[in-house]
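Visitor: Could you walk me through how the helices pack and where the empty spaces are? Short answers are fine.

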Amino acid sequence: MTVRLAAIRRVIVARQGFAPRFRRAGAGEVEEVVRRLTAVQLDSISTVDRAHRLTIGARIGAFPPDTVPQLLADGRIFEYWAHEASLLPIELWPHFRLVMEGQGHWGAHERALRDHADLVEPILERIRLEGPLGSRDFEGQGSGGMWSWKPAKMVLEALWDRGQLVIAGRQNFQRRYDLTERVIPRHILETPQPSEDETLRTLALLAVEARGALTEPAIREHWRLKGGRARLHHHLLALVDEGRLREVEVDDGGPSFFVLPDTELDGDPAPPTLVCPFDNLVWDRPLLERVFGFRHVIEVYKREHEREFGYYVLPLLAGDRFVGRADLKADRAAGVLRVRRFTPEPRVRGNLEAKLDRAATRLARVLGLERVER
């Protein structure tokens with residue numbers, strides 16, 4: 001059976017679970033959103049708010065700033081490399097050990113452990129004795145002291161990449177490193193390491209469940225899986241044969257989508273929502289262009305005169321379409337969410353001002369700001 005691309009779009013939008021009204025949420029709800037999304041991307045830019053807070057807040061509303069650091073410290077979620085540096089459900093820890101116990105993600109980390117092997121045990125010993133530490137705690141005594149900040153930071157990152165340290169929270173968004181065995185629950189650490197095949201199938205199922213409908217390349221992009229089509233595609237076909245996934249052909253003639261077997265190929269429209277530029281919904285740009293006709297760009301790294309839409313731009317989703325882009329800034333001293341610029345998408349009809357006002361008002365409340373100004 002061939003379905004319309006519009007049906008796939010509605011499935012994807014409905015699965016995001018964007019909240020229509022403002023509310024306040026607790027730690028359990030934050031943990032559950034991380035579990036439902038499978039991974040929540042982290043980013044240091046705070047022009048509006050940190051990326052993970054925007055992504056989670058769009059689903060459940062406002063939550064205290066210390067919630068995520070406490071969930072990390074309690075071993076209820078963990079931080080690791082997935083799509084990018086991300087918050088992950090704690091039950092996925094065993095599936096990432098394959099990477100941790102390989103050679104991590106970055107050649108630079110391997111070089112750091114090789115070139116600065118003399119720092120590994122002293123760093124671990126300081127953390128063992130003093131508790132969670134940040135890289136700044138290893139700022140040294142000049143070039144002649146034991147601690148030279150840059151090598152120590154590289155070793156910390158390498159030990160985290162290899163799973164010997166974990167992120168036990170953040171202070172001013174700076175990572176705090178602790179011993180893995182002090183943070184990750186024992187029953188998780190003692191879980192047998194899954195095989196690579198089991199991990200790939202689990203990650204594929206979770207990505208499809210989280211996003212509603214994905215192509216094979218989009219499943220790989222969700223987790224940034226290496227190895228191309230040859231590594232994953234036969235697993236998807238096996239999951240289809242087992243009845244755990246369903247493959248759906250689409251009327252635009254593009255690559256087929258995978259959905260869960262009981263997925264209804266329709267869905268409720270989303271309320272007007274300003275979507276974080278690092279939200280899971282906009283991770284895969286080719287998929288986004290195909291399904292939504294929307295070209296997602298992030299221009300924070302461009303010079304001002306090169307920007308087309310603004311510095312920190314949040315796409316405005318309404319129904320099952322992206323209808324515009326808002327360049328925003330949170331002025332916390334004044335208690336104001338400033339809409340510096342709004343660019344409607346071409347050929348979009350309807351009362352966009354009302355949609356923008358509704359989405360911006362909700363976002364301002366989530367951020368703890370008093371009003372919106374344009």
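**Helix packing and internal spaces**

Guide: Helix α11 (residues 196-211) packs against helix α12 (residues 216-223) at an angle of about 100°, and their axes are 10 Å apart. Helices (H or I, at least four residues) and strands (E, at least two) are DSSP runs, numbered from the N terminus. Axes are lines fitted to C-alpha atoms, for helices over the stretch in contact, and angles run from 0 to 180 degrees between N-to-C directions.

Visitor: Is this model predicted, and what are the ground rules?

Guide: The model is predicted: local features need pLDDT of at least 70, side-chain atom pairs count only at pLDDT 80 or more, and totals for chains, interfaces and linings use all residues. Residues are numbered from 1 along each chain as its sequence is written, and side-chain values use heavy atoms, with hydrogens and water left out.

Visitor: Back to α11 and α12: roughly parallel or roughly perpendicular to each other?

Guide: α11 and α12 are therefore roughly perpendicular to each other. Angles under 35 degrees count as roughly parallel, over 145 as roughly antiparallel, 65 to 115 as roughly perpendicular and the rest as oblique.

Visitor: Which residues meet there?

Guide: From α11, Leu203, Ala204, Leu206, Ala207, Val208 and Arg211 meet Ile219, His222 and Trp223 of α12. Contact means heavy atoms within 4.5 Å. By class, this contact of α11 with α12 has seven nonpolar, one polar and one charged. Ala, Val, Leu, Ile, Met, Phe, Trp, Tyr, Cys and Pro count as nonpolar, Asp, Glu, Lys and Arg as charged, and the others, Gly among them, as polar.

Visitor: New pair. How do α3 and α15 pack?

Guide: The angle between α3 and α15 is about 115°, with the axes 10 Å apart. That makes α3 roughly perpendicular to α15.

Visitor: Which residues make that contact?

Guide: Leu54, Gly57, Ala58 and Ile60 of α3 make the contact with Arg362, Leu363, Val366 and Leu367 of α15. The classes are six nonpolar, one polar and one charged.

Visitor: And α2 with α3, at what angle do they cross?

Guide: Helix α2 (residues 27-37) and α3 cross at roughly 105°, and their axes come within 10 Å. That makes α2 roughly perpendicular to α3.

Visitor: What meets what?

Guide: Glu29, Val30, Val33, Val34, Arg36 and Leu37 of α2 meet Thr55, Ile56, Arg59 and Ile60 of α3. This contact of α2 with α3 has six nonpolar, one polar and three charged residues.

Visitor: On to the voids. How many cavities are there?

Guide: The count is six cavities of 30 Å³ or more. On a 1 Å grid over the protein atoms alone, a cavity is a set of points where a 1.4 Å probe fits but cannot get out, and a pocket is an open set with protein on both sides within 12 Å along at least five of seven lines; lining residues have an atom within 4 Å of a point. Grid points are joined across faces, edges and corners, and a volume is the space filled by probe spheres set on the points.

Visitor: What lines the largest cavity?

Guide: Its lining includes Leu54, Gly57, Ala58, Arg362, Leu363 and Val366. α3, β9 (270-274) and α15 each give two or more residues to that lining. The space in the largest cavity is about 80 Å³.

Visitor: And the second largest pocket, what volume?

Guide: About 400 Å³ for the second largest pocket. Of its 21 lining residues, Asp49, Arg50, His52, Arg53 and Pro65 are the closest to the centre. α4 supplies the largest share of the lining, three residues. The lining has eleven nonpolar, four polar and six charged residues.
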